[in-house]
Amino acid sequence: MLKILKYSFYDLIRSRWSYVYLLFYLLLGSVLLFLNNDLSKAVITLMNVIIILVPLIGTIFGVMYYYNSKEFTELLLAQPIKRSSIFIGQYLGVALSLTMSLILGLGIPFVLYGLFQSNEIWDFILLLVTGTFLTLIFTALAFNIALYNENKIKGFSYAILVWLFMAVIYDGLFLMSLIAFQSYPLDAFSIGATLVNPIDLSRILILLKLDISALLGYTGAVFQKFFGTNFGLFISIGTLSLWVLLPVLNIYRKCRKKDF
Amino acid sequence: MDLLKKLLFTLVLFCSFSITAQTIEVCNDCDVSSLKEAIKVSTMCDTILVKKGTYKEYNIVVDKPLTIIGENFPVIDGEDKGEIIRIVSDYVTIDGLFIINVGTSYTSDHAAIRVVRSKHFVIQNVVLENLFFGIYIEKSSHGKIYHNKVIGDAQDEYNSGNGIQLWHSKHILVERNIVQKVRDGIYLEFSDDITINENTSTNNLRYGLHFMFSNDDLYTNNVFENNGAGVAVMFSKRIKMLHNTFKKNWGTAAFGLLLKEINDAEIKHNVFEENTVAINIEGSNRVVYSDNDFISNGYAIKVLGACYANTFEKNNFLYNSFDVSYYNKINDNVFQHNYWSGYTGYDLDEDGVGDVPYRPVKLFSYIVNKTPETIILMRSLFIDIIDFSEKVSPVFTPDNLLDMTPQIKRYQ
Amino acid sequence: MIQIEQLHKRFGKNQVLKGIDLNITQKGIFAILGPNGSGKTTLIKAILGMVVPNKGKLLVDSISIKKNWKYRDQIDYLPQIANFPPNLTVKELIVMIKDLRNRPGEDKKLIELFMLEPFLTKKLSNLSGGTKQKVNIVLSLMFDSPIIILDEPTTGLDPIALIRLKELIKEEKAKGKIILITSHIMSFVEEMADEIVFLLEGKVYFKGNIDALKTQTKEANFERAIANLLTYDNA
């Protein structure tokens with residue numbers, strides 16, 4: 001598996017797209033810093049961007065890589081290599097190269113700007129951790145979608161749909177159900193509904209950092225326990241890990257049964 | 001400081017008439033071994049010098065003009081039996097005592113030092129610990145409470161008292177005191193023309209500072225941090241609040257500053273940082289808010305209704321989750337020349353003022369007011385989209401609530 | 001060496017293999033033929049483990065290939081469509097495959113044979129179809145494995161390369177290997193194959209050498225004999 005990972009990774013870090021992605025983050029980071037001239041404002045803007053953009057890029061890139069390397073995958077399948085190693089290896093190759101672009105692309109301008117001398121370093125690390133989680137999750141989801149759909153166009157459409165659903169539609173439904181059932185106690189429901197969606201979950205991690213004062217204004221006991229203590233942070237990180245683990249396990253399961 | 005000088009001057013003037021003034025020393029093995037005894041043998045304008053040691057006394061009544069000075073903080077231990085010192089005469093000075101163990105009572109408000117119907121008193125450099133009420137000023141005036149330290153250990157509101165309490169008093173200076181862990185740090189009721197300067201009120205159970213029915217008071221350069229509910233100013237007129245810091249008042253009913261039925265106040269040059277609600281306003285009119293910094297609060301300004309002719313200008317609103325929240329659609333307040341970190345407009349003519357007005361009330365804050373659980377959706381793309389559409393054509397939020405002159409650079 | 005018993009495979013509603021029985025024990029070149037959709041590629045992929053059969057047994061070297069992957073070390077496979085990671089160079093790809101199989105290969109000899117030296121440092125995305133096929137051949141034949149499976153090996157090759165490929169296959173046969181070939185070029189099959197395995201509608205319809213085929217169909221020409229198999233069925 002490590003060999004497959006190594007080669008997919010090498011292949012990808014030479015691809016044009018990785019550079020585009022890296023350049024995009026470099027540009028985004030620098031522009032935000034030089035326009036705002038303020039590290040903390042730039043970090044806040046980035047957080048908003050990251051939780052939407054990283055999942056989008058993760059899904060698109062994951063699906064694209066899978067379909068583009070299909071024949072090569074078949075070549076690998078004929079080699080004496082375990083199937084799961086091939087797919088998990090490719091998955092990790094894509095996810096890690098995206099993560100690297102993210103970390104380098106944002107890290108370089110921020111470090112040059114003097115991140116290490118500032119108080120924002122923990123917020124920035126949280127930002128990168130969240131971005132990494134989202135990349136791992138959405139690339140895994142993309143691989144799942146591609147494994148289940150031979151048709152490239154279908155696969156792409158589903159990938160975009162999954163992203164759109166998690167990033168926007170889900171929250172709309174969530175908001176509507178909260179308003180519709182506002183006469184019932186809802187705090188357990190709302191935390192539960194947040195845990196189900198990894199984008200919301202990452203958003204919560206960021207809220208815990210940026211908007212804790214506003215969150216503590218709400219009276220629900222479950223909210224208080226969740227947001228008022230480290231409990232929320234642990235649960236969020238734990239659930240995010242679960243969100244990585246489950247799709248990866250499904251890749252493992254599905255790829256062993258699939259015909260090529 | 002004028003008040004202080006005048007006070008000192010009158011005190012000196014008053015006692016300089018008595019030629020017989022002498023100093024009485026109190027120590028554990030002196031002829032006079034208790035404060036009570038010393039007061040008994042003293043005459044007007046004497047000085048009582050209390051040497052280092054522990055004096056187990058309570059219900060000490062100071063009934064003539066005296067100066068009581070502690071040397072190296074002698075301990076007056078009330079052994080939880082009740083009130084410790086009561087001042088019932090004008091021109092009394094208490095300086096440098098360490099008073100502990102005030103008795104807790106559910107029927108009377110025992111204090112470490114109580115001043116009753118007296119003028120020209122000075123209480124300074126006193127340390128109070130393990131107390132019920134700390135310094136209680138009752139129907140008195142022209143006094144000074146300076147550089148004291150009140151350290152409580154309050155657990156519940158019902159059986160704890162206030163650090164410094166002023167009741168029906170006037171012209172009093174409260175300066176450089178440190179008050180911690182009591183019910184209300186400083187409490188004013190029916191007290192006018194009070195000056196509160198450079199105090200630090202932290203970790204109190206309820207309010208750091210609390211005004212009720214008090215007018216024409218001034219408080220400046222104080223620090224209020226991590227109090228149960230912040231600072232409350234209620235039913236009072238013409239209060240000036242300048243250069244104070246309100247910090248980390250977190251919780252469901254917590255705010256930096258609560259204004260309720262306040263008219264004609266001035267709130268300037270204050271810093272509000274990391275409070276759940278920086279300023280909570282209810283039924284307040286003609287209040288001027290200017291040159292304040294609102295940094296990383298949940299809500300910078302929460303307007304609950306019936307607030308007219310208030311002005312918010314030249315403030316910095318930095319990274320608050322919500323800048324302004326309104327419960328209704330009517331707005332009669334003015335927002336101008338503020339800096340908003342959330343402003344995304346441009347300044348083409350480069351005059352330092354944004355060319356597009358800023359709308360500080362978001363639709364989302366309105367939704368959160370209606371359904372508090374929705375707060376969990378903050379910063380969601382969906383919320384951004386509906387906020388944006390509301391910004392374009394306001395339906396739920398007051399459409400005349402605009403800062404027409406948002407600043408491009410923050411005020412330094 | 002390869003034993004197949006009652007192999008069934010269905011894709012959705014489409015029953016592709018309907019009970020293949022095939023025993024390949026002796027050495028030689030086996031041509032797997034059949035009309036489009038007869039299950040040639042599926043059969044090959046089943047042997048390679050890329051397609052998971054619904055029913056039946058498949059043994060390579062007397063070991064069931066089910067949930068097994070190490071046996072593929074015994075097989076060299078030339079896929080029909082050659083498509084490689086576009087950002088690698090030819091050389092890197094060869095090194096990579098050798099690394100993945102953990103074996104040294106005779107790549108130098110093959111590169112020389114197909115005159116690939118000028119392309120070694122080029123990226124795979126910049127190669128022509130024929131050159132890609134040559135690289136494909138190098139990749140699959142550079143290991144000295146006892147079983148070789150070639151899926152349409154002649155696609156896109158120029159005459160010289162084709163001659164070299166034929167020589168190469170004969171050389172490998174001389175080493176005593178089992179070689180499975182699918183091809184649409186009948187002359188190529190006639191020239192190379194020792195034995196024909198003809199698939200029709202998911203079953204082995206004919207298995208035997210070319211002479212036996214000609215005798216059975218009463219045709220003197222190989223191409224016609226194959227055509228006869230098809231029409232016979234249609235009749």
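**A sheet in chain C and two contacts of chain A**

In chain C of this predicted model, six strands form an open sheet whose pairing is mixed and whose order runs β6-β7-β8-β3-β9-β10. The edges of this sheet are strands β6 (75-78) and β10 (203-208) of chain C, each of which pairs on one side only. From one strand to the next, the twist averages 15°. At the β10(C) edge, strand β9 (residues 195-200) of chain C pairs with β10(C) in the antiparallel sense, over five bridges. Within that pairing one can follow Phe198(C), whose bridge partner in β10(C) is Phe206(C).

From the sheet we turn to the contact between chain C and chain A, to which chain A gives 19 residues and chain C gives 21 residues. On the side of chain A that touches chain C, the elements that contribute two or more residues are α1 (2-13) and α4 (70-77) of chain A, and it is α4(A) that supplies the largest share, five residues. By class, this side of chain A divides into eight nonpolar, three polar and eight charged residues.

Chain A is also in contact with chain B, where 28 residues of chain B meet 30 residues of chain A. The largest share of the side of chain B that touches chain A comes from helix α4 (residues 381-392) of chain B, which gives three residues. The residues on this side of chain B comprise 13 nonpolar, twelve polar and three charged, whereas the side of chain A that touches chain C holds eight nonpolar, three polar and eight charged residues.

Technical notes: Residues numbered from 1 in each chain as written. Chains lettered and ligands numbered in written order. Predicted model: local features only at pLDDT ≥ 70, side-chain atom pairs only at ≥ 80, totals over all residues. Contact = placed C-beta atoms within 7 Å. Helix = DSSP H or I, 4+ residues; strand = E, 2+ residues; numbered from the N terminus. Nonpolar A, V, L, I, M, F, W, Y, C, P; charged D, E, K, R; others polar. Pairing = 2+ DSSP bridges. Axes fitted to C-alpha atoms, helices over the stretch in contact; angles between N-to-C directions.
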